[in-house]
Amino acid sequence: MSMEFAKVFNFLRGTTLIHQIDPRAKGMMILSYSVLAFVLNDFWLLMGLFLLALPLLFIAKIAPQFFQGMKGLSVLLFIILIINTYAISFYSALTVIMRILILMIVFSTYFQTTIPEDITQSLIKVKIPYSIAYALSLSFRFVPTMAKETEIISEAQLSRGHKLEVGGMINQIKNLFPLLIPLLMSSIRRAFHVAEALETRAFGVNKHPTYFFPLKFKKMDWWVTIFYAVFLVGVLVLEITESLKIPSWLLISL
């Protein structure tokens, strides 16, 4: 599995409609697609959900970066296909893969179109403590950095004669162990640097930090939030009525 998939978490500046939506409204979008991706079990319904999510990549103009990043997951998707087909069925394997693709699309759209500082601010707006919100935002911000560092370490090991892609799958997994120690040490060193930088800036003294560009919910953000909330509830109601054979009008009236 290549680390190219981490590119889907890398923020890309832009002026598209998706970039202008408030992170909290996009959070409602993620919630609706994520819940439905796990609730729906029919492959064709998941395919419809996938086709509804796919235009987000083109509206945000991040489709090339997304498909390039998904090449890194091609091996993992193939393994999932083989294992699920052998253990359960080919239909089940396609269902699992479709869920992964839907989640990757919505999370890629969110992180590639949202400034990391806005992610922190949006989490604080929904009453998450500042320290936790900052830690979550920082962790996602370091995913592309870790992936890039893994590639650098891999190239350094290859220059020393260490072959990563030799032998079967078991041997290739064993060949990854020489990458773990340098990557772990680099991660610990970076964590110490970040901790020292935060301490020198008196991180945590102000429990209610202010922002130069505070987030404001616009009319478009309300429409996006309402649309995805109605979309989520509507599909859930239809799924429950279909599974329990309850008339939809009776469930809505309750």
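User: What makes a lining residue of the second largest pocket nonpolar, polar or charged, and how do these residues divide?

Analyst: Happy to spell that out. Ala, Val, Leu, Ile, Met, Phe, Trp, Tyr, Cys and Pro count as nonpolar, Asp, Glu, Lys and Arg as charged, and the others, Gly among them, as polar. On that basis the lining divides into eleven nonpolar, five polar and four charged residues. Please keep in mind that this is a predicted model, in which local features need pLDDT of at least 70 and side-chain atom pairs count only at pLDDT 80 or more, while totals for chains, interfaces and linings use all residues. Residues are numbered from 1 along each chain as its sequence is written, and side-chain values use heavy atoms, with hydrogens and water left out.

User: Why is it called a pocket, and what makes a residue part of its lining?

Analyst: The search runs on a 1 Å grid over the protein atoms alone: a cavity is a set of points where a 1.4 Å probe fits but cannot get out, whereas a pocket is an open set with protein on both sides within 12 Å along at least five of seven lines. Lining residues have an atom within 4 Å of a point. Here 20 residues line the pocket, and Glu117, Tyr130, Tyr134, Thr210 and Tyr211 lie nearest its centre. Its volume is about 420 Å³, that is, the space filled by probe spheres set on grid points, which are joined across faces, edges and corners. Helix 8 gives the largest share of the lining, four residues.

User: How do you know where helix 8 and the other helices are?

Analyst: Helices (H or I, at least four residues) and strands (E, at least two) are DSSP runs, numbered from the N terminus. The chain has 13 helices and zero strands. Helix 8 spans 116-125, and helix 9 spans 130-159.

User: Why is helix 8 called largely enclosed?

Analyst: Buried means under 20% relative accessible area, exposed over 50%, and partly exposed in between (1.4 Å probe, protein chains only). Seven of the ten residues of helix 8 are buried, so the rest of the structure largely encloses this helix. Among them are Pro116, Asp118 and Ile119. Helix 2, helix 7 and helix 9 are included in what covers the buried residues.

User: Are Thr109, Pro55 and Lys61 buried, partly exposed or exposed, and how do you know that?

Analyst: Thr109 is at 0%, so it counts as buried. Pro55, at 37%, falls in between and is partly exposed. Lys61 reaches 65%, so it is exposed. Lys61 sits in the loop between helix 4 and helix 5 and has a positive phi of about 60° although it is not a glycine.

User: What makes the pair of Thr109 and Ile105 a polar contact?

Analyst: The rule asks for N or O atoms within 3.5 Å; within protein, one must be able to donate a hydrogen and the other to accept it, and residues adjacent in sequence count only if both atoms are side-chain atoms. A polar side-chain atom of Thr109 lies 2.8 Å from the backbone oxygen of Ile105, so the distance fits the cut-off.

User: Why is the largest nonpolar core called a core, and which residues touch the most other members?

Analyst: A nonpolar core is a set of buried Ala, Val, Leu, Ile, Met, Phe, Trp, Tyr and Cys residues joined through side-chain atoms within 4.5 Å. This one has 44 residues, of which Tyr33, Leu49, Ile102 and Tyr228 touch the most other members. Helix 7 gives the most to this core, with ten residues.

Key: Contact = heavy atoms within 4.5 Å.
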